[in-house]
Amino acid sequence: MLGGSRVQLKGWQRAAVALGSAVGALLDPRRADLIAALGETTGKPAFERVLQRMKNSPEGRAILSERPRVISSQVGHAWELPDNTFGAAYAKFMGSRNFSPDDRPPVRFMETDELAYVAMRAREVHDFWHTLFGLPTNMVGETALKVIEFEQMMLPMCMMSVVGGTARFSERQRRLFYQHYFPWALRAGLRCTDLMCVYYERHFGEDLEDVRRRFGIIPAPHPTS
């Protein structure tokens with residue numbers, strides 16, 4: 001269902017994969033497969049809490065029932081929507097960076113189909129969040145989004161990514177992050193709705209600013225220095 005094949009790990013194996021993934025991701029933050037493995041092997045309790053919240057939400061239950069995927073065959077119509085819509089903004093975000101919705105690594109280390117789907121959904125809505133918050137995909141923007149993701153899901157991997165990301169900042173990036181993006185991310189992540197319970201695809205045709213207002217999204221700052 002989610003691509004690839006899942007692997008059942010014993011406790012010591014899970015710890016070993018988590019440690020190896022953490023070290024590898026710190027050495028090369030571009031390794032999406034290692035970051036994904038780290039998230040899965042350390043995130044089971046967090047994903048279980050997200051799953052329960054989704055079960056308690058009408059849109060969350062619809063997502064769990066229908067299991068939409070953010071892949072080209074299911075979101076390709078976003079490229080045909082009017083310019084003012086959320087779907088068109090997402091398509092512009094993806095197209096301007098030559099990103100494909102099909103590039104996400106598969107879930108491998110979750111124990112049940114339900115948890116595997118929640119983990120995959122969390123991975124696939126990342127670019128929706130970039131679009132809604134208006135965040136760049138540079139190191140500062142990605143680290144700021146990880147702050148929001150941690151507030152929303154309490155995934156240890158997100159906090160590790162913030163620590164690892166800020167450690168690699170230049171002095172200018174560090175000043176930009178802590179003066180502008182970090183305080184904004186703390187506020188934005190707490191103010192907005194439960195983002196894992198939003199059926200984004202149902203809102204593709206709506207005006208982008210209306211979607212932001214509905215879900216309490218505070219767009220990112222764009223400081224000039």
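Which helix does H126 lie in? In this predicted model, H126 is part of helix α8, which covers residues 126–133.

## Overall make-up

The protein chain contains 12 helices and zero strands. Its pattern, read along the sequence, is α-α-α-α-α-α-α-α-α-α-α-α.

The chain has 225 residues, and buried residues account for 49% of them. Among the contacts in the chain with a separation of 6 or more, 73% are between residues 24 or more positions apart.

## The annotated binding site

The UniProt record, an unreviewed entry, carries the annotation "binding site" for H126, D127, H130 and E142. These residues are spread over 17 residues of sequence but cluster in space, with 10.5 Å as the largest C-alpha distance. One of them, D127, is included in the lining of the largest cavity.

## H126 and E142

H126 has a relative accessibility of 7%, and because the limit for a buried residue is under 20%, H126 counts as buried. Apart from its neighbours within four places in sequence, H126 is in contact with R104, E142, L145, K146 and E149. The residue E142 in that list is also covered by the "binding site" annotation.

E142 belongs to helix α9, residues 139–153. Its relative accessibility is 24%, so E142 counts as partly exposed. When residues up to four places away in sequence are not counted, E142 touches H126, H130, P136 and T137. Two of these, H126 and H130, carry the "binding site" annotation as well.

## How α8 and α9 pack

Helices α8 and α9 pack at an angle of about 110°, and their axes are 11 Å apart. Because angles from 65 to 115 degrees count as roughly perpendicular, α8 is described as roughly perpendicular to α9. The crossing in which α8 passes α9 is right-handed.

On the α8 side, the residues that meet α9 are H126, W129, H130 and F133. Their partners in α9 are E142, L145, K146, I148, E149, Q152 and M153. The annotated residues H126, H130 and E142 are thus named again where these helices meet.

## A second helix pair: α3 and α4

Helix α3 spans residues 44–55 and helix α4 spans residues 58–66. Their axes come within 6 Å and cross at roughly 110°, so α3 and α4 are roughly perpendicular to each other. From α3, the contact involves L51, M54 and K55, while α4 contributes G60, R61, I63 and L64.

## V75 in helix α5

What is the relative accessible area of V75, and is the residue buried or exposed? The value is 0%, so V75 is buried. This residue lies in helix α5, which covers residues 72–75.

Leaving aside neighbours within four places in sequence, V75 is in contact with R69, V70, Y90, P101, E201 and F204. Of these partners, P101 is 26 residues from V75 in sequence, and the C-alpha to C-alpha distance between V75 and P101 is 8.3 Å.

Definitions and conventions:
Residues numbered from 1 in each chain as written. Predicted model: local features only at pLDDT ≥ 70, side-chain atom pairs only at ≥ 80, totals over all residues. Heavy atoms only, no water. UniProt positions renumbered as here; feature names shortened; annotations may be inferred. 1 Å grid on protein atoms, 1.4 Å probe; cavity = no way out; pocket = protein on both sides within 12 Å on 5 of 7 lines; lining within 4 Å. Helix = DSSP H or I, 4+ residues; strand = E, 2+ residues; numbered from the N terminus. Buried < 20%, exposed > 50% of the residue type's maximum accessible area, 1.4 Å probe, protein only. Contact = heavy atoms within 4.5 Å. Axes fitted to C-alpha atoms, helices over the stretch in contact; angles between N-to-C directions. Parallel < 35°, antiparallel > 145°, perpendicular 65-115°, else oblique. Left-handed = near helix turned anticlockwise from the far one by under 90°.
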